[in-house]
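Reader: Could you walk me through how a few labels on this model were earned? I like to see the reasoning behind each one.

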Amino acid sequence: MKLLAAGVAALGLSVSTPALAWGDLGHRTIANIALANVSPKTKATIDALLTAQEGLGTAKCPVHSLGDAATWPDCLRSESWRWGHTFPWHYHDGDITAPAFDMKANCSGGQCATFQITRFERILADKSLPVAQRLEALAFLSHIVGDLHQPLHAAEHDHDAGGNGVTVTNLPGEPYIINTTPPTVVNPKAGTLNLHWMWDNFLVIRAQKAGKLPEVRAYSAADRAKIATGGIADWAQESWQIAHDTVYPQAFGHVVSAEEKTAKDVTISDAAIAQDIPIVSQRLLQGGLRLAKVLDETLGG
């Protein structure tokens, strides 16, 4: 979730880096779906890795479950002096006016979500490494796979930091929880919330209240084969495409061109918000089942 500077972004103020994706509710939904769909062997390995949580050295951000692990990288915002180098791993922004998502752009030195997923798969799979190091990899992998399914973690326009620079003036200030210890309830002021926050939290909260979040359950083999598709580049392209076709056109009123500057203040209709909720639900389900597949493949499930 958003902490410190990212928390400022959630309130519509300007920061230098994008806020983090999905918030606590979204990441836990993805993790819980994944856990319900991994093999018994993978689940046993996850349970064994979780016994090393003290080795992470993050007492303020405990990791007792896969849900905790999936939110742990956001909790690290509270210790930016130690973990600040990890913040770029949460996103890989693609120019929304480009022909398609470019895996080679905006990832200098591997400092982006797509590269880090592959790196953490390798670390997690290496049984010769310390258990705490593999648990750290499990946490980052579970989190970043979720991040990449949030449309505004694979797209930006005019250096708007994935929509953080676009205030949505008509959003009500629905409360949300920051993943601190103890949890902090934030009641943002209506009319000061940005486009990134809308997709991180507002739409997930709305989906929950409407009973539209994907079910946390074991899905059939046919469902998993249909939904847990593609690889990292495909997931990034999907998110970028949603941002290109839906997120930014809702904000601008049309598909954005390269010549346009970021609109600082926009309104998004209730009808558009209603159309977004099924998209959010789909992305959370895809993230969960794809994470399950990644974990099975990485841990030999």
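**How the labels were earned**

Author: Happy to. This is a predicted model, and Thr29 is a good place to begin: Thr29 has a relative accessible area of 7% and is buried.

Reader: Why is Thr29 called buried?

Author: Buried means under 20% relative accessible area. Thr29 comes out at 7%, so the label applies. Thr29 sits in helix H2, residues 23-37.

Reader: Which residues is Thr29 in contact with, leaving aside its neighbours within four places in sequence?

Author: Those are Leu213, Pro214 and Val216. The word contact here asks for heavy atoms within 4.5 Å.

Reader: What makes the span of helix H6 close to the expected one?

Author: Helix H6 covers residues 113-125, 13 in number. The expectation is 1.5 Å times one less than the number of residues, which gives 18 Å for H6, and the reach from first C-alpha to last is 18 Å.

Reader: What do the buried residues of H6 pack against?

Author: Helices H3, H7, H10 and H11. Among the buried residues of H6 are Ile117, Phe120 and Leu124.

Reader: How do you know that strands E3 and E7 pair?

Author: Pairing takes at least two bridges. E3 and E7 have 2 bridges, in the parallel sense, so they qualify. Thr167 stands opposite Asp265 in E7.

Reader: And why do E6 and E7 stand at the edges?

Author: The open sheet runs E6-E3-E7, with mixed pairing. E6 and E7 each have a single partner strand, so one side of each is left without a neighbour in the sheet.

Definitions and conventions: Residues numbered from 1 in each chain as written. Predicted model: local features only at pLDDT ≥ 70, side-chain atom pairs only at ≥ 80, totals over all residues. Heavy atoms only, no water. Helix = DSSP H or I, 4+ residues; strand = E, 2+ residues; numbered from the N terminus. Buried < 20%, exposed > 50% of the residue type's maximum accessible area, 1.4 Å probe, protein only.
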